[in-house]
Amino acid sequence: MTHMKYLIFSEEAEKKGNLAKLFKAIAYAEFVHAENHAKNLGIIGNIVENIKAAIDGETFEIEEMYPAYNAIAELQGEEGAKRSIHYAMEAEKMHAEMYKKAKEEAEKEKDIDIDEIYICPVCGYTHVGAPINCPVCGAPKEIFVKF
Ligand SMILES: [Fe+2]
Ligand SMILES: [Fe+2]
C-alpha cells in the first residue's frame, strides 16, 4: 500500500523534480520490503500457483469486495467512489479472464501468446492487441499506456 501511495504522490509531485524522485525511490524501497515480507510469509509459489493466487484475488474483488464497497458507496451517495469502483470492477473482470488463460498455458509450461497490452490511464481498462478508445470511460486510445 505504501509503495502504491508513494508512486501516486510521485506523480502528483512530478513538476517539483527531486521530490518526485524521492517518492519514486522510497516507493521502490517499500516494494523491496513488501517482496521480502511476501517471501517470508510464504505468499510466493511457483508460476501456476502465483497465477492461481492472482485469479483468486481478482475473483474475490469481483464477487465480494467491490460489490460490498459499492453497496456502501450507494448508501452514502458517494458518486466518486461508485465511479472508481465501477472502473476497477470492469478491469478486474478482464484481469481474471486473462489470468485464467495464462494459467492454462502455464500448466502446459508455455508462455502466453500476447504481443502488446494497453492500459487506460483513466480507468485501468486492460486491452490486449491494437489499441482502441476506452469502452469503459471513453478515454482516447492515444493516451493508453503500452506494456
Ligand atoms: Fe485486477
Ligand atoms: Fe478507461
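**Exercise 1. Determine in what kind of crossing α3 passes α4, and how the two helices pack.**

Solution. Helix α3 passes helix α4 in a left-handed crossing, where left-handed means that the near helix is turned anticlockwise from the far one by less than a right angle, and right-handed that it is turned clockwise. The structure is a predicted model, in which local features need pLDDT of at least 70 and side-chain atom pairs count only at pLDDT 80 or more, while totals for chains, interfaces and linings use all residues. Residues are numbered from 1 along each chain as its sequence is written, and chains are lettered from A and ligands numbered from 1 in the order in which they are written.

Next, take the angle and the distance: α3 (residues 47-76) and α4 (residues 79-107) pack at about 160°, and their axes are 9 Å apart. Axes here are lines fitted to C-alpha atoms, for helices over the stretch in contact, and angles run from 0 to 180 degrees between N-to-C directions. That angle makes α3 roughly antiparallel to α4, since angles over 145 degrees count as roughly antiparallel, under 35 as roughly parallel, 65 to 115 as roughly perpendicular and the rest as oblique.

**Exercise 2. Describe how α1 and α2 are arranged, and then place T2.**

Solution. The axes of α1 and α2 come within 8 Å and cross at roughly 165°, which makes α1 roughly antiparallel to α2. The crossing in which α1 passes α2 is left-handed.

Helix α2 covers residues 18-40, which is 23 residues, and reaches 33 Å from its first C-alpha to its last, close to the 33 Å expected at 1.5 Å a residue; the expected span is 1.5 Å times one less than the number of residues. After α2 comes G42, whose phi is positive, near 75°.

T2 belongs to helix α1 (residues 2-12). T2 counts as partly exposed because it has 13 C-beta neighbours inside 10 Å: a residue is buried with 20 or more other C-beta atoms within 10 Å of its own, exposed with 12 or fewer, and partly exposed in between, the C-beta atoms being placed from the backbone. Although T2 and A34 are 32 residues apart in sequence, their C-alpha atoms are 9.4 Å apart in space.

**Exercise 3. Work out the order of the strands in the sheet, and state which of them stand at the edges.**

Solution. The sheet is open, has 3 strands in the order β2-β1-β3, and its pairing is antiparallel. Strands β2 (126-128) and β3 (145-146) stand at the edges, each with a single partner strand, so one side of each is left without a neighbour in the sheet. Strand β1 (residues 117-119) is joined to β2 by 3 bridges, and two strands count as paired if DSSP finds at least two bridges between them. Y118 stands opposite H127 in β2.

**Exercise 4. Summarise the chain, and then examine E109.**

Solution. The chain has 4 helices and 3 strands, running α-α-α-α-β-β-β from the N terminus on; helices (H or I, at least four residues) and strands (E, at least two) are DSSP runs, numbered from the N terminus. Of the 147 residues, 13% are buried.

E109 is found in the loop between α4 and β1, and its phi is near 60°, a positive value in a residue other than glycine. E109 is exposed, with 8 other C-beta atoms within 10 Å.
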